[in-house]
Amino acid sequence: MNLSSPLPLQATDAAPDWARVRVDFPLLMREVHGKPLVYFDNANTAQKPLPVIEATSAFYRRHNANVSRAVHALGTEATDAYEGARGKLARFLGVRADELVLCSGTTFAINLVAYSWALPRLKAGDVILVSRMEHHANIVPWQLVAQRTGATIRVAEIAPDGTLDLDALHAAMTPEVKLLAVAHVSNVLGTINPVREICREARRRGIVTVVDGSQAAPHLPLDVAAIGCDFYAVTGHKMCGPTGTGALWARREHLQAMPPFLGGGEMIKEVSFDGTVFNDPPHKFEAGTPNIAGFVGLGVAVDYLDALGREHIAAREQELLAHFTEELRRVDGVRIFGTAAHKAAVVSFQVEGAHSHDMATLLDLQGVAVRSGQHCAHPLLQYFGVAATCRASLAFYNTHEEIEAFMAALKKVRALLG
Ligand code: PLP
């Protein structure tokens with residue numbers, strides 16, 4: 001069985017030929033409204049390279065069967081492919097495979113922590129500390145837990161440049177705080193938070209940490225074990241993998257102590273009407289048939305990112321970010337949200353006199369895809385006192401020519417709206 005990449009992918013010290021890499025992404029070759037597509041919505045979801053598309057399709061063409069439920073050849077192949085993907089993702093994150101729960105994405109992963117770790121433990125008087133810049137997936141599950149336990153939510157504020165106020169954050173870590181939820185990288189501002197330092201301070205005070213790695217895993221060299229958190233969540237579709245894939249890494253002692261979140265097949269060792277013996281972690285948390293083909297694709301996606309080299313990816317995206325920001329600053333009436341020194345290639349902005357939805361709609365007519373709105377981060381936009389922004393988010397496969405095309409489109413749209 002060969003479910004690995006059909007293309008030769010070798011990690012190399014030299015930076016990849018980015019023009020060659022781009023050819024791996026068929027969707028980037030299409031036109032939109034008769035114009036060449038400029039896809040700057042990568043923080044929303046990333047495009048998929050051919051090896052990922054091929055591997056997902058090859059699974060259905062040649063190996064499709066359910067996992068762990070059949071002794072026949074296809075069943076064994078499917079199980080090997082699924083567990084192989086767990087191993088690849090674990091290596092990519094720098095963690096043990098038996099501490100990695102595969103699930104549908106970050107939203108599921110954080111809810112698993114909320115319902116399985118927090119709900120049985122928290123009580124009235126306890127505090128859940130959440131940063132101002134969180135995605136709703138790292139806010140709403142904690143609100144649901146707070147409603148049911150009597151715990152309260154405390155907000156760690158940010159500075160106007162979009163960095164976390166670390167002194168305020170550390171001061172907010174009082175003895176009542178039992179859990180801290182923080183993004184590694186903000187999906188709106190691009191800010192890269194110093195999660196290692198934050199988790200060290202939290203751990204010293206006995207606070208359990210949940211790090212949302214959705215926007216970090218695709219863009220930064222990552223060693224989750226070295227961060228020192230308790231839980232780390234990732235989502236496959238932002239990592240060039242299929243939608244409906246993701247994972248929660250957790251310290252072994254938590255996985256052993258936590259009750260299952262969902263019950264059903266796969267997560268049990270033995271069932272009778274007198275009771276059930278649960279499977280060992282991580283399978284205890286993986287009830288039902290998973291997205292097997294999706295995880296096969298995700299395994300190939302992380303191999304693909306590793307073969308490009310995550311240092312190279314980060315350097316390439318920093319170069320694109322610098323170019324994009326410099327050009328955008330030259331446009332009259334532009335306000336940029338998030339100017340931290342350490343940030344990923346995510347740029348939220350507004351243009352004076354133009355509504356963000358109108359901007360995004362007119363940019364789309366020029367072939368440019370950006371996101372507009374509140375980016376699933378209402379409390380963050382409330383802090384800045386705005387109802388919506390446009391967000392351009394770049395990936396390694398974007399080009400300097402696309403940045404020039406974006407700027408030309410932006411100036412055209414601005415003239416139309418102005
Ligand atoms: N957290 C952050 C920071 C995100 O950017 C996103 C997706 O936009 C999510 C969580 C939600 O992840 P998923 O799509 O896996 O539910």
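**The ligand and its surroundings**

Author: The largest pocket is the space taken by the ligand. The model is predicted, so local features need pLDDT of at least 70 and side-chain atom pairs pLDDT 80 or more, while totals for chains, interfaces and linings use all residues. Residues are numbered from 1 along each chain as its sequence is written, and side-chain values use heavy atoms, leaving out hydrogens and water.

Reader: Which residues are around the ligand?

Author: A residue counts if one of its heavy atoms lies within 4 Å of the ligand, and those around the ligand include Gly 105, His 135, Asn 187, Asp 212 and Lys 238.

Reader: What divides the residues of this shell into nonpolar, polar and charged?

Author: Asp and Lys count as charged and Gly as polar, whereas Ala counts as nonpolar; the shell holds 1 nonpolar, 9 polar and 2 charged residues.

Reader: Why is the pair between Thr 107 and the ligand called a polar contact?

Author: A polar contact with the ligand is a pair of N or O atoms within 3.5 Å. A polar side-chain atom of Thr 107 lies 2.4 Å from a ligand oxygen atom, so the pair qualifies. By the same cut-off, a polar backbone atom of Thr 106, 2.9 Å from a ligand oxygen atom, qualifies, and so does an N or O atom in the side chain of Gln 215, at 2.7 Å from a ligand oxygen atom.

Reader: How much of the ligand does the protein bury?

Author: With accessible areas from the Shrake-Rupley method and a 1.4 Å probe, the ligand taken alone exposes 400 Å², of which the protein buries 86%.

Conventions. A polar contact is a pair of N or O atoms within 3.5 Å; within protein, one must be able to donate a hydrogen and the other to accept it, and residues adjacent in sequence count only if both atoms are side-chain atoms. On a 1 Å grid over the protein atoms alone, a cavity is a set of points where a 1.4 Å probe fits but cannot get out, and a pocket is an open set with protein on both sides within 12 Å along at least five of seven lines; lining residues have an atom within 4 Å of a point. A molecule sits in a cavity or pocket if more than half of its atoms lie within 2 Å of its grid points.
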